[in-house]
Amino acid sequence: MGVPDQLADRMSMAEQHEYLRSRFSRRTMMRGGAVTLGAVVGGAFVPGATARAAVPARSTAPSAQKVDGRLVAPFGRHLAYGNDPRTEMTVSWQVPVAVDKPFLRIGAHPWDLSHRIGAEVRTLHTPAGVGASADHTQYYVHAKLAGLKPGRTYYYGVGHAGFDPAEPHLLGTLGTFTTAPAHKAPFTFTAFGDQGVSYHGLANDALILGQNPAFHLHAGDIAYADPSGAGKTADTGFDARTWDQFLAQTESVAKSVPWMVSYGNHDMEAWYSPNGYGGEEARFTLPDNGPDKKNLPGVYSFVHGNTAIISLDPNDVSFEIPANLGISGGTQTKWFETQLKKYRAAKDIDFVVVFFHHCAYCTSTAHASEGGVRQEWVPLFEKYQVDLVINGHNHQYERTDVIKGDTVTKKLPIGGTAYPETEGVVYVTAGAAGRSLYAFTAPDSYEGHEHEVDAVASFVNTKDGKVNETVAWSRVRYLNYSFLRVDVTPAPKGHYTTLTVQGIAETGDRIDHFTVARRAK
């Protein structure tokens with residue numbers, strides 16, 4: 001991002017940020033704060049709910065002259081759960097230029113929307129010289145809602161002065177969302193990592209929408225505005241405008257399905273904040289229940305039905321790409337164990353699913369496995385019997401056998417069942433969402449085209465560099481575009497409740513399926 005190679009190789013993400021700030025001085029510095037929104041109960045507006053959303057510690061913007069709002073249409077709508085998915089939702093969107101008085105309308109019916117609920121604008125300015133683009137300003141808008149009813153579908157529209165979605169000619173711009181249920185009920189969610197902007201990304205999104213997921217997990221490397229992703233080398237290719245393309249591409253799904261992101265190495269953008277995440281904080285409003293909102297805004301958890309979802313930030317523990325190594329000072333791992341203890345003790349939570357970017361176990365020739373994850377988190381996965389770990393980073397589909405202590409405790413063939421309470425953990429790399437594909441050292445082996453290999457050559461990234469290893473746990477390998485579908489089926493107490501996991505190719509073909517089962521509480 002404009003940092004000379006001879007300097008960047010020795011710089012942390014925070015040091016790169018300070019270098020860029022000193023080189024490209026700004027005239028205007030802004031701080032984000034709280035906004036007061038309305039809460040919605042049963043489709044009726046109830047004033048007085050307060051929403052505070054995380055914003056960059058230092059958000060920059062030049063003064064901008066507003067245009068006639070009638071000539072400007074919002075785009076890039078994307079949803080995210082709040083801390084409680086049963087009652088909280090954030091609606092976010094983008095406008096191409098500065099507008100007056102952005103707002104949201106919401107209701108139980110498209111013909112019965114609330115009066116205007118004020119929204120917050122977060123402005124990002126990227127000056128010419130920081131990356132590849134010319135001087136560019138982006139405007140992201142957020143309305144955080146609370147007091148919603150569980151399991152309820154709502155209609156909403158976003159607008160600003162001059163553009164009112166309640167006007168008859170604009171009713172086609174309305175979107176919908178559905179809150180999480182109050183009790184255990186069957187549901188589906190989808191997941192992948194490493195999407196970016198491409199034809200393949202569009203194709204995967206179209207298929208995902210057809211799965212009717214309750215929410216979608218994006219396991220890092222979101223838009224690829226920073227195509228280097230090394231966190232340490234000069235990145236003259238950085239282009240903030242890529243986010244405009246990405247949010248427009250994703251809107252077909254994310255306007256109705258909460259798009260829950262975690263952060264990868266390509267999501268560290270040095271210009272905006274010392275931790276590299278200031279840009280993401282302007283674009284997304286995520287649950288704020290993590291351990292360190294200042295340094296780790298992508299670390300959080302939420303519960304949907306009988307399943308707890310935990311998002312982690314592996315940049316904090318990555319030996320391979322150490323730009324943010326140790327940024328939490330160990331607080332992330334401590335928080336993670338606390339969450340695992342809480343969810344395992346909760347009487348209404350059966351499954352714990354963890355998603356993050358860098359792979360604990362993968363045999364890709366590009367990144368393979370991350371030793372920092374194995375060192376810090378794998379012991380916790382095993383201690384607390386995590387039911388499913390979802391990663392990206394490597395651009396392919398790979399699924400392991402059941403693993404404990406770095407060894408296979410049970411072969412898990414396609415169609416098999418894992419019992420995490422007694423056997424171990426299953427890891428899925430679902431990083432083929434849209435970016436260019438990587439490679440395996442072993443042949444593909446997937447549903448209908450199985451090619452079992454007992455030993456696969458790979459490596460793990462450690463603090464001392466790459467260490468070669470030969471592994472027996474690589475069960476399914478598919479080198480083409482794909483995503484993950486997970487169907488959750490609750491059961492009466494004492495009976496087996498299940499996660500049915502499927503790998504779905506861009507073609508719509510199923511490339512893998514297996515079941516995770518445990519006795520319901």
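**Figure 1. Helix α6 in the predicted model, seen along its length and by its buried side.** Helix α6 spans residues 331-345, which makes 15 residues, and from its first C-alpha to its last it reaches 21 Å, close to the 21 Å expected at 1.5 Å a residue. Buried positions in α6 are Gln332, Thr333, Trp335, Phe336, Gln339, Leu340, Tyr343 and Arg344. These buried residues lie on the same side of α6, because the arc they cover around the axis is only 165°. Residues three or four places apart point the same way, since an α-helix has 3.6 residues a turn. On the face turned away from this buried side, α6 carries the exposed residues Lys334 and Ala345.

**Figure 2. The surroundings of α6.** Which elements do the buried residues of α6 pack against? Their partners include the strands β18 (300-304), β19 (307-311) and β20 (351-355), and β33 (510-519) is a further one. The helices α7 (371-376) and α8 (378-383) also pack against the buried residues of α6.

**Figure 3. Cys359 and Cys362, two cysteines without a bond between them.** How many disulfides does the structure hold? The count is zero. The cysteine sulfur closest to that of Cys359 belongs to Cys362, and the 4.4 Å between them is too far for a bond, given that a disulfide needs sulfur atoms within 2.5 Å. Seen from Cys362, the closest cysteine sulfur is likewise that of Cys359, at 4.4 Å. Cys359 counts as buried, with a relative accessibility of 0%, and Cys362 is buried with a relative accessible area of 0%.

**Figure 4. Phe177 in the largest nonpolar core.** The largest nonpolar core has 93 residues, and Leu104, Phe177 and Leu217 are those with the most contacts inside it. When neighbours within four places in sequence are left aside, the residues in contact with Phe177 include Leu79, Met89, Val91, Ile106, Leu145 and Leu148. Arg152, Thr153, Tyr154, Tyr156 and Ser256 are also in contact with Phe177. Apart from the largest core lies another core, of 33 residues, among them Leu296, Val389, Ile403 and Val456.

**Figure 5. Asn212 and Asp221, two residues with a positive phi.** Most residues other than glycine have a negative phi. Asn212 has a positive phi, near 55°, and is found in the loop between α3 (199-210) and β16 (215-219). Asp221 also has a positive phi near 55°, and its place is the loop between β16 and α4 (242-254). Are these two residues buried or exposed? Asn212 is exposed, with a relative accessible area of 63%, whereas Asp221 is buried, with a relative accessible area of 1%.

**Figure 6. The whole chain and residues 26-61, with the confidence of the prediction.** The protein chain has eight helices and 33 strands, and buried residues make up 60% of its 521 residues. Among contacts in the chain with a separation of 6 or more, 73% are between residues 24 or more positions apart. The mean pLDDT of the chain is 90, and 88% of its residues reach 70 or more. Over residues 26-61, however, pLDDT stays under 50, although the model has 97 contacts beyond four places in sequence for this stretch. Where pLDDT is low, the predicted coordinates should not be read in detail.

Terms used:
Residues numbered from 1 in each chain as written. Predicted model: local features only at pLDDT ≥ 70, side-chain atom pairs only at ≥ 80, totals over all residues. Heavy atoms only, no water. Helix = DSSP H or I, 4+ residues; strand = E, 2+ residues; numbered from the N terminus. Expected span 1.5 Å × (residues − 1). Buried < 20%, exposed > 50% of the residue type's maximum accessible area, 1.4 Å probe, protein only. Arc of directions from axis to C-beta. Contact = heavy atoms within 4.5 Å. Core = buried A, V, L, I, M, F, W, Y, C linked by side-chain atoms within 4.5 Å. pLDDT = per-residue confidence, 0-100.
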